[in-house]
Amino acid sequence: MLTEMRNSRRSPINKLIKEYDIKKEELEHIAQSLKATSDEVLNIEELLHLTKSINSKFSNIIGGQVDSKVSLDTIDLDPTRILNSLKIMIGHSQRSTSDTSLGLTNILYISLILLSLEDKTVPFIIQKDSYMKLLTEQGSEILYQCYKENENGKYLLKDQISDSDYSNLYTFMEDNAASNKGFTILAIEEPESHLHPALQRVIYKDVMKNDTSILMTTHSPYITSVAPLESIVHLRSSNQGTTVKTTASLNLNDRDRKDLARYIDVKKGEIYFGKGVILVEGVAEEYLVPRFAELLNQPLDDKGLICCNINSTNFKPYVQYLNALGIPYVVITDGDYYHRHSVGSEKMFGDTLEKKHSYIGYDGLDRAEKLLVELEEINEDAVPLEFESQDEFFKQYSFFIGDYTLETDIMDISKDNNSLEVIIQLFEELTVGGDEHKRNFKDALHEGDYSACLRKIESAHSKIGKGRFSQVLSMECTKNNIPDYIKNAIETIYAKVDEI
């Protein structure tokens, strides 16, 4: 790019200049004026003296045998080459492109190329002779509405033109003054080279986002994070060769599209670059799942796996998107046990002690069923009635569902494995409560009153919070603290990636 910027014939700025109808007579007048101005330097006393000295020395050597008078002259400016001498300067200090960062020069180059590809059916400036010729064409009255003559006799497009007038002008120009240029598709390979992450986003978001005639290859999450959702073509290497998937026909409702686009923007498009993706619903899983994978000797980075926290239970748009891209995934979500006082009554969420109620269920199982039915991956009648069977059924569709919340499930499995001490120790280290507060937490944990434990973690009295607790737990936990459904999810996504 830098080489082309320096080449007077290949530079995109010169190609853009040639698209204007600049008259030769105007350039000749400018060349004469420049010549007259440059000749003034010859009247400087020092140069007059130098010219006289040269003539004296020269004539003493060769005598008067030939026409030997010496004079100085400035450069003879060729009108046809004046435009080729123009240079682009950058910044208030007017730095040349050779003195500017390579990344910034690349953006400038791409900007010039994009400018050259813009639709120029309606010209901004029309020379007088061309304007008069257009006036002879049918429908030329639109020119009076859209152009005004300046002091140099040229016709400039007006600033304020109604949409209807512009549409009529476009049709007129297309019929009577359109160029025969073909359709151009610009292909750009990895424009992120030498660019700061913020500029990587700018190059797509502000320069290229609205141009539909561009193909770009990139490994930059900063560029993909601002790319339109339906513009992605995903290339993936597999045992059978390279597979190509696209999101062009993705069907999302407006809310899901906005949620997904915002997530990808904030998370810098990391979802595109994983060989496999683990979708989780909260920050606790975001801290703990990668650590659990390390404890299972299946670290996520070793397989190129990404743990994506969507901060909700609305997995549907993410599952649709990953399916469209052909990226393997698993979903880890809370079971969210609940009970009802009667059939059809409001769900009452609680803990294990409430299994005594007759009407019980798991919201995580209900959500998985609803999602898969809406995506037409299963029929509602195919879902087993028993909860344990439902767990196994949904695993076939990459959904791994706990019993309660993640924290409760961790406490439950830790009690079964006699590994509650790490949880007790962390609470006592993090809480600002006194000895009684710590003792109450410990008693509730041993009694299996996990809802009370969670309330104490999130209470103003302890000042911990579930996010902070999970963050610290991720540094201290052991294999004995890993719930089975998370272990199964990690093993499954590992196997999926191995199969590719």
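Three strands, in the order S14-S13-S15, form an open sheet with antiparallel pairing, and the edge strands of this sheet are S14 and S15, each of which pairs on one side only. Against the sheet packs helix H14, made up of residues 363-374, which touches S13, S14 and S15 and whose direction makes about 60 degrees with that of S15. The model under discussion is a predicted one.

The pairings within the sheet can be followed from S13 outwards. Strand S13, residues 337-340, runs antiparallel to S15, residues 359-362, and four bridges join the two; in this pairing His-339 stands opposite Ile-360 of S15. Towards the other partner, S13 is joined by two bridges to S14, residues 348-349, again in an antiparallel arrangement, and here Tyr-338 has Phe-349 of S14 as its bridge partner.

A separate point of interest is Glu-285, a residue of helix H12, which spans residues 283-295. Which side chain of opposite charge is nearest to Glu-285, and how far away is it? That side chain belongs to Lys-466, at 7.9 Å, and because a salt bridge requires a side-chain nitrogen of Lys or Arg within 4 Å of a carboxyl oxygen, Glu-285 has no salt bridge although it is buried.

The side chain of Glu-285 does, however, reach the backbone nitrogen of Gly-282, at 3.2 Å. When its neighbours within four places in sequence are left aside, the residues in contact with Glu-285 are Val-280, Pro-290, Cys-307, Asp-334 and Leu-406.

Key. Residues are numbered from 1 along each chain as its sequence is written. This is a predicted model: local features need pLDDT of at least 70, side-chain atom pairs count only at pLDDT 80 or more; totals for chains, interfaces and linings use all residues. Side-chain values use heavy atoms; hydrogens and water are left out. Two strands pair if DSSP finds at least two bridges between them. Contact means heavy atoms within 4.5 Å. Axes are lines fitted to C-alpha atoms, for helices over the stretch in contact, and angles run from 0 to 180 degrees between N-to-C directions. Buried means under 20% relative accessible area, exposed over 50%, partly exposed in between (1.4 Å probe, protein chains only). Lys and Arg count as positive and Asp and Glu as negative; His and the chain ends are not counted. A polar contact is a pair of N or O atoms within 3.5 Å; within protein, one must be able to donate a hydrogen and the other to accept it, and residues adjacent in sequence count only if both atoms are side-chain atoms.
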